[in-house]
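Thanks for coming. I will go through one structure today, strands to begin with, then the empty space, then a few single residues.

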Amino acid sequence: PIYYKSNEKKTVLKESEKVKAVLQKSDISTVVDDREGYTPGWKFNEWEMKGVPLRIEIGPRDIKNEQVIAVRRDTNEKIIVKSKNVALAVEKLLDSVQRNLYKKAKQSLEKSISSVKSYDEFKKIVKDKGGFVKASWCGESHCELQIKDETGATIRIIPFKKEKVSKCIYCNKVGKEVVYFARAY
């Protein structure tokens, strides 16, 4: 709820509670932040820091225009939503936010994976770039321990989906599987 005059408070809070009830009927978790003593901007920031994906703003003008303003956390985009369509619009927006956050996370993960063919290349990437280093491994604990001692990197992921294996990155014996190494930070 956004109001600046005391005579607007009751109307805005009443409308906020109506929107909350509509959203909760659609199983959308909703909170009306009606705390006194905090500016709307302070509340917006607090909820964003908590990770809330979508904020609904309702003010006197919005009530007059039979709308609410939905603000996406992932893009900061403000979307005008008609009050009568709020549940359906919020469901669609939440799905869109989820898809967008997943896409960004997947791209970030993919950028942080480096495939290597030599141990020198492995050491350089661990030291300079960081992230995950994808390499073949013979399956021997001795090789993993030596890599850990020399670079600080350990095996973090052994994928379920098996990939084409080459020689072990450390000992050059026949590789058993492709694994992902990384350092703990």
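How many bridges join strand 2 to strand 3, and which way do the two strands run? There are 5 bridges, and strand 2 and strand 3, residues 78-82, run antiparallel. Before I go on, please keep in mind that this is a predicted model.

One pair to look at on the screen is Ala-70, which stands opposite Ile-79 in strand 3. The hairpin of strand 2 and strand 3 has 5 residues between the strands, and in that hairpin Asn-76 takes a positive phi near 60 degrees.

Strand 2 also pairs with strand 1. These two run antiparallel and are joined by 4 bridges. Arg-55 has Val-71 as its bridge partner in strand 2.

Now the side chains of strand 2. In a regular strand, side chains alternate between the two faces of the sheet. Here Gln-67, Ile-69 and Val-71 point one way from strand 2, while Val-68, Ala-70 and Arg-72 point the other way. Are these residues buried or exposed? All of them are buried, on either side. Since 6 of the 6 residues of strand 2 are buried, the strand is largely enclosed by the rest of the structure.

Let me step back to the whole chain. The protein chain has 6 helices and 7 strands. Along the sequence, their order follows the pattern α-α-β-α-β-β-α-β-α-β-α-β-β. The radius of gyration is 26 Å, well over the 16 Å that the globule rule gives for 185 residues, so the protein chain is more spread out than a compact globule. Taken along the principal axes, the box filled by the C-alpha atoms is roughly 80 × 30 × 20 Å. Of the 185 residues, 35% count as buried. As for contacts between residues at least 6 apart in sequence, 51% of them join residues at least 24 apart.

Next, the empty space. Rolling a probe the size of a water molecule over the atoms shows where such space is left. How many cavities of 30 Å³ or more does the structure hold? The count is 1. The largest cavity contains about 60 Å³ of space. Its lining includes Phe-44, Trp-47 and Glu-48, and also Arg-55 and Val-71, the two bridge partners I mentioned. Helix 2, strand 1 and strand 2 are the elements that give two or more residues to this lining. Helix 2, residues 40-49, gives the most, with 3 residues. By class, the lining of the largest cavity has 6 nonpolar residues, no polar ones and 4 charged ones.

Then the pockets. About 570 Å³ of space lies in the largest pocket. It is lined by 25 residues, and the closest to its centre are Thr-30, Val-31, Leu-54, Arg-55 and Ile-56. Helix 1, helix 2, strand 1 and helix 4 each supply at least two residues of that lining. The classes there are 17 nonpolar, 3 polar and 5 charged. Leu-54 and Arg-55 appear in the lining of the largest cavity as well.

The second largest pocket has a volume of about 250 Å³. Of its 15 lining residues, Val-116, Lys-117, Ser-136, Lys-164 and Ser-166 are the closest to its centre. Strand 5, residues 132-137, gives the most to this lining, with 3 residues. By class, the lining of the second largest pocket divides into 6 nonpolar, 4 polar and 5 charged residues.

Finally, some single residues. Val-90 lies in helix 4. With a relative accessible area of 3%, Val-90 is buried. Which residues is Val-90 in contact with, leaving aside its neighbours within four places in sequence? They are Leu-23, Ile-28, Leu-54 and Ile-56.

Two residues have a positive phi although neither is a glycine. Asp-27, in the loop between helix 1 and helix 2, has a phi of about 60 degrees. Its relative accessibility is 73%, so Asp-27 counts as exposed. Glu-66 has a phi of about 55 degrees and sits in the loop between helix 3 and strand 2. At 58% relative accessibility, Glu-66 counts as exposed too. In sequence, that loop leads into strand 2, where 6 of the 6 residues are buried.

How values were computed. Residues are numbered from 1 along each chain as its sequence is written. This is a predicted model: local features need pLDDT of at least 70, side-chain atom pairs count only at pLDDT 80 or more; totals for chains, interfaces and linings use all residues. Side-chain values use heavy atoms; hydrogens and water are left out. On a 1 Å grid over the protein atoms alone, a cavity is a set of points where a 1.4 Å probe fits but cannot get out, and a pocket is an open set with protein on both sides within 12 Å along at least five of seven lines; lining residues have an atom within 4 Å of a point. Grid points are joined across faces, edges and corners, and a volume is the space filled by probe spheres set on the points. Ala, Val, Leu, Ile, Met, Phe, Trp, Tyr, Cys and Pro count as nonpolar, Asp, Glu, Lys and Arg as charged, and the others, Gly among them, as polar. Buried means under 20% relative accessible area, exposed over 50%, partly exposed in between (1.4 Å probe, protein chains only). Two strands pair if DSSP finds at least two bridges between them. The radius of gyration is taken over C-alpha atoms; the globule rule is 2.2 Å times the number of residues to the power 0.38. Contact means heavy atoms within 4.5 Å.
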